[in-house]
Amino acid sequence: MESKTKHTSAPQKDLTRKLGLWAAVAISMGTTIGSGIFSSIGEVAGAAGSASLTILAFLIGGMLNIPANLVYAEMATAYPENGGQYVYFREAGLRPVAFWCGWISFWATDPPSISIMALAIVNYLNYFIPMGMWALKSLAVVLVLFFMFIHLRSVEGGGKFQTFITFFKILPFFLLIAFGLFSIKGSNLSAAPLSTASTGLVALFAGVSATTWSFDGMGAVCYMTGEIKNPKRTMPRALIITAIGVTFLYVLLSTVSAGVLPFEKLANSSAPIAETAENFPLIGGQVAGSLVAIMAIIVIIGSLSSCIMFQPRIEYAMAKDGLWFPAFARVHDKWETPAFSIVVQCAYAIALIFASNLTDLLGYFTLVALIKNFMTFAMIFRLRRKKDYKPLWKMPAGYFMASIAMLVTGILIWSTFVWAPLQGIIAALISVATGIPAYLYFEHKYGLKAKAKELK
């Protein structure tokens, strides 16, 4: 009887702090720099209308994302635990909203993004080794399993791998920039604006708006704050380094592309990085295509690894609070990782690899995900009024910074809604209609028990 009592009252093992500054930077930067940059420079150029405004748009776009990172940094030091946005909603007293955040993350955004990235990698591999559909999907499964085992076995090992792959994914971009700087033509940078484009501040605003997707994902490391060493120093530094580093890279890339390609060609290009490489001396179309395909594989591998590493932490946090299945809160005795949460999320992602129209599914929930981000930044106004809100690091001009972060996200929400209003509304209704009964179920089934345990 005594041994049984000891077993049932034993404290739940928690994740420990094993990740340093550069692992934290690698998670955020590795998530942010994805396949989108291979096409976004052309989209920004088309919106901005001139080479100078294209470059300036990336610079301003990056600067406007710094406030969002400062907001994340403050909240992460106030609540230095795993779960990211879920934790901030919960601590703001919005437990149902916190559950909704995790609910849509698990079913609609996180595992689908893993599936899409795995499929994107094998599609680029198909450029070198043509394969059939089932071979491609099977290889995508192997990739998910490979990175799953890396992050299952050790958070330290996973952090080291993420640091390495993030450095390795950035290196080709800097090599491209180094070659490109010698191929820039001043006439391209000073070319007249497109006759069909807006001018002045209107064009600049359009260009900045078009960059916002390129900077999405910087707050990824907040999901793992509970495993970051010395979060008071590490989190603000990691998030600021990420914002500055990504902005610097994008400004250089846009400068090279705008300087190498005639601007009209850049503005109409769906593959500006590839077309830029094609215009380097001694590099033909085939070589340039191979170079960009290799770069894309490395870049997306970094993002895939990062997502498999940090995304399962939100379900881990929810399960600890009694708002998800208890098994997700288990920490492996030997590996000290949320092994069950990682395995289930990857298993779901593997199942989705064999689904159709997966990109359309993710597109439906883009608006919902953006609204979730907007609400997260708004939480600073609520949290700062709480007496027990004591962040280890407080950002300067906090309310102003949060307002800027909300403004940038609001621009994305508006542009996404205009692009696909019906899909966004349908996704919002589905997330709420399924989330309410699910919340009531988990709160009644596990939540009350968790609260009772805390009171004891």
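Among contacts (heavy atoms within 4.5 Å) between residues at least 6 apart in sequence, 83% join residues at least 24 apart. The model is a predicted one, in which local features need pLDDT of at least 70, side-chain atom pairs count only at pLDDT 80 or more, and totals for chains, interfaces and linings use all residues. Residues are numbered from 1 along each chain as its sequence is written, and side-chain values use heavy atoms, with hydrogens and water left out.

The secondary structure consists of 20 helices and zero strands; these elements are DSSP runs numbered from the N terminus, a helix being H or I over at least four residues and a strand E over at least two. The C-alpha trace spans about 85 × 50 × 40 Å along its principal axes. For 456 residues, a compact globule would have a radius of gyration near 23 Å, and the 22 Å of this chain agrees with that value. The radius is taken over C-alpha atoms, and the globule rule is 2.2 Å times the number of residues to the power 0.38.

Buried residues make up 56% of the 456 residues, where buried means under 20% relative accessible area, exposed over 50%, and partly exposed in between (1.4 Å probe, protein chains only). The chain exposes about 19800 Å², of which carbon and sulfur atoms supply 68%; accessible areas come from the Shrake-Rupley method with a 1.4 Å probe, and for residues only the protein chains shown count as cover.

In the interior, the largest nonpolar core has 141 residues, and Phe38, Phe99, Phe173, Tyr250, Leu253, Leu304 and Trp324 touch the most other members. Helix α6 (residues 95-125) gives the most to this core, with 15 residues. Such a core is a set of buried Ala, Val, Leu, Ile, Met, Phe, Trp, Tyr and Cys residues joined through side-chain atoms within 4.5 Å. Beyond its neighbours within four places in sequence, Phe173 is in contact with Ile33, Ile37, Phe38, Leu249, Leu253, Met295 and Val299.

Leu323 is found in the loop between α15 (312-320) and α16 (339-353), and counts as buried because its relative accessibility is 0%. Residues up to four places away in sequence aside, Leu323 touches Tyr86, Arg95, Phe99, Met318, Tyr439, Phe442 and Glu443. Ser290, in helix α14 (residues 285-310), is also buried, with a relative accessible area of 17%; with the same sequence neighbours set aside, Ser290 touches Tyr127 and Phe128.

Aromatic pairs number 34. Rings of Phe, Tyr and Trp (its six-membered ring) pair if their centres lie within 6.5 Å; planes under 30 degrees apart count as stacked, over 60 as edge-to-face and the rest as tilted. Trp107 and Tyr348 are edge-to-face, at 5.4 Å centre to centre with 70° between the planes. Because Trp107 lies in helix α6 and Tyr348 in helix α16, this pair ties together parts that are 241 residues apart in sequence. Trp107 is partly exposed, at 38% relative accessibility.

The ring centres of Phe328 and Phe340 are 5.1 Å apart and their planes stand at 90°, so this pair is edge-to-face. Phe328 lies in the loop between α15 and α16 and Phe340 in helix α16, so the pair ties together parts 12 residues apart in sequence. Phe328 is buried at 5% relative accessibility, whereas Phe340 is partly exposed at 32%. Arg330 lies over the face of Phe340, at 5.7 Å from the ring centre; a charge sits over a ring if NZ of Lys or CZ of Arg is within 6 Å of the ring centre and within 35 degrees of the ring normal. Arg384 lies over the face of Tyr399, at 5.5 Å from the ring centre.
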